[in-house]
Amino acid sequence: MTVAVLSFGGSNCDRDVVKAFGHIDVSAEVVWYKDEDDVADADAVVLPGGFSYGDYLRAGAMAARTPVMERVREHVENGAPVLGICNGAQILCESGIVQGAYAPNESAKFQCEPTYLRVETTDTPFTREFEEGDVIEIPIAHAEGRYVPDDLDALVDDDRVLFRYVNEDGDATDAANPNGSVDNIAGIVGETRNVAAMMPHPERASREILGSDDGLGVLAGFDACEDSKA
Amino acid sequence: MTYEAVVRVTLKEGVLDPEAKTIRKSLERLGFDIDDLHTADEYVVEFDAENKETAREEAEEMCEALLANPTIHDYTVEVR
């Protein structure tokens with residue numbers, strides 16, 4: 001298993017993701033977006049956080065329309081795990097690979113803070129290490145993270161909400177919702193369940209000394225997908 | 001013939017506009033009486049087209065392909 005951590009101009013969490021994978025012995029490398037063959041040859045893809053193309057137009061809008069996204073789409077169709085974190089999540093939404101859009105935070109500010117997430121489904125590569133209802137701590141760092149779904153009913157009915165923002169007790173209250181996301185949604189999976197978009201940064205919760213290592217559970221799903229590539 | 005399309009992208013009715021809310025508060029603090037305030041992004045695109053109608057169609061395609069996000073945005077196109 002080799003994970004391609006796809007880097008665009010302005011991506012800045014790429015090396016952090018590679019390092020976090022290192023903690024759980026998953027082989028990962030940063031791949032520049034123009035090296036499409038390296039992306040195609042990888043077994044899985046992570047779209048890391050950052051500010052690709054300076055967040056021009058809308059966060060993720062430019063990166064979503066680069067040719068390498070066709071390779072990412074092929075991985076999704078072949079069943080390989082594909083995870084978009086923060087700006088990566090925005091790119092996945094902008095490309096239409098997962099549904100919905102990210103609007104500016106309700107506070108109209110950049111927010112960098114710890115959040116509690118409730119695991120809403122374990123039927124995905126990214127949450128199979130957890131139990132449904134587990135409350136985990138992973139930080140956010142974004143200005144445009146207010147998730148607006150195209151079809152909330154479809155997400156809920158198909159059990160495609162991955163995480164919800166909750167308080168420490170696991171309740172999805174308004175106060176626990178950092179950015180005004182619809183239905184406290186912090187992460188979703190696509191129709192095929194092997195592609196996920198989440199605003200919180202699992203790589204920033206990869207060491208106890210960072211305050212939490214709950215993010216490693218999200219990344220560990222890649223390890224279990226050894227033979228998933230078609 | 002060269003046309004100029006003015007594309008105006010706004011948040012859909014019902015999608016919260018925190019930037020507008022903040023600006024409105026500031027204007028009110030300055031003593032202005034505000035009924036409503038919306039933000040919009042405007043793009044001015046120059047390009048060649050056969051006629052005004054095809055220019056409009058192409059500008060609308062640009063909106064669908066990139067300039068607007070249909071989940072949260074409405075847009076208008078004015079060709080001149």
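Student: How many residues of strand S1 of chain A are buried?
Tutor: This is a predicted model. In it, strand S1 of chain A spans residues 2–7 and is mostly covered. Of its six residues, the number buried is five.

Student: In which sense do S1(A) and strand S2 of chain A pair?
Tutor: Strand S2 covers residues 27–32 of chain A, and six bridges connect S2 with S1(A). One of the bridge partnerships joins Ala4(A) to Glu29(A) in S2(A). The sense of the pairing is parallel.

Student: How many residues of helix H4 of chain A are buried?
Tutor: Helix H4 of chain A runs over residues 87–94 and is mostly covered. The buried residues include Asn87(A), Ile91(A), Leu92(A) and Glu94(A). Among what covers the buried residues of H4(A) are helix H3 (68–77) and strand S4 (82–85) of chain A. Of the eight residues in H4(A), the number buried is eight.

Student: Which residue with a positive phi follows H4(A)?
Tutor: The phi in question is near 80°. The residue that follows H4(A) with this phi is Gly96(A).

Student: Which residue forms a salt bridge with Arg58(A)?
Tutor: Arg58(A) sits in the loop between S3 and H3 of chain A, and its partner is in helix H4 of chain A, 36 residues apart in sequence. The closest N and O atoms of the pair are 2.7 Å apart. The partner is Glu94(A).

Student: Is Arg58(A) buried or exposed?
Tutor: Residues under 20% relative accessible area count as buried. Arg58(A) has 8% relative accessibility, so Arg58(A) is buried.

Student: What is the N to O distance in the salt bridge of Arg65(A) and Glu94(A)?
Tutor: Arg65(A) is in the loop between S3 and H3 of chain A, 29 residues from Glu94(A) in helix H4. Arg65(A) is partly exposed because its relative accessibility is 34%, while Glu94(A) is buried because its relative accessible area is 12%. The side chains meet at an N to O distance of 3.2 Å.

Student: Which residues do salt bridges with shared partners join into one network with Glu120(A)?
Tutor: Glu120(A) forms a salt bridge with Arg164(A), with 2.7 Å between the closest N and O atoms. Arg164(A) is in strand S9 of chain A, and Glu120(A) is in the loop between strand S6 (111–119) and strand S7 (135–142). Both residues are buried. The residues joined with Glu120(A) are Arg118(A), Arg164(A) and Asp183(A).

Student: What area is buried between chain A and chain B?
Tutor: The contact takes 17 residues from chain A and 14 residues from chain B. In chain A, Leu57(A), Arg58(A) and Arg146(A) lose the most area to chain B, together 38% of what that side buries. Carbon and sulfur atoms give 63% of the buried area, which is about 1,200 Å².

Student: How many residue pairs are in polar contact across the interface of chain A and chain B?
Tutor: The rule finds zero salt bridges across this interface. For polar contact, with both residues at pLDDT 80 or more, the number of pairs is six.

Student: Is Asp169(A) buried or exposed?
Tutor: Asp169(A) lies in the loop between strand S9 (161–166) and strand S10 (185–189) of chain A. Residues over 50% relative accessible area count as exposed. With 65% relative accessibility, Asp169(A) is therefore exposed.

Methods. Residues are numbered from 1 along each chain as its sequence is written. Chains are lettered from A and ligands numbered from 1 in the order in which they are written. This is a predicted model: local features need pLDDT of at least 70, side-chain atom pairs count only at pLDDT 80 or more; totals for chains, interfaces and linings use all residues. Side-chain values use heavy atoms; hydrogens and water are left out. Contact means heavy atoms within 4.5 Å. Buried area is the accessible area (1.4 Å probe) that two parts lose on being put together, summed over both. A salt bridge is a side-chain nitrogen of Lys or Arg within 4 Å of a carboxyl oxygen of Asp or Glu. A polar contact is a pair of N or O atoms within 3.5 Å; within protein, one must be able to donate a hydrogen and the other to accept it, and residues adjacent in sequence count only if both atoms are side-chain atoms. Helices (H or I, at least four residues) and strands (E, at least two) are DSSP runs, numbered from the N terminus. Buried means under 20% relative accessible area, exposed over 50%, partly exposed in between (1.4 Å probe, protein chains only). Two strands pair if DSSP finds at least two bridges between them.
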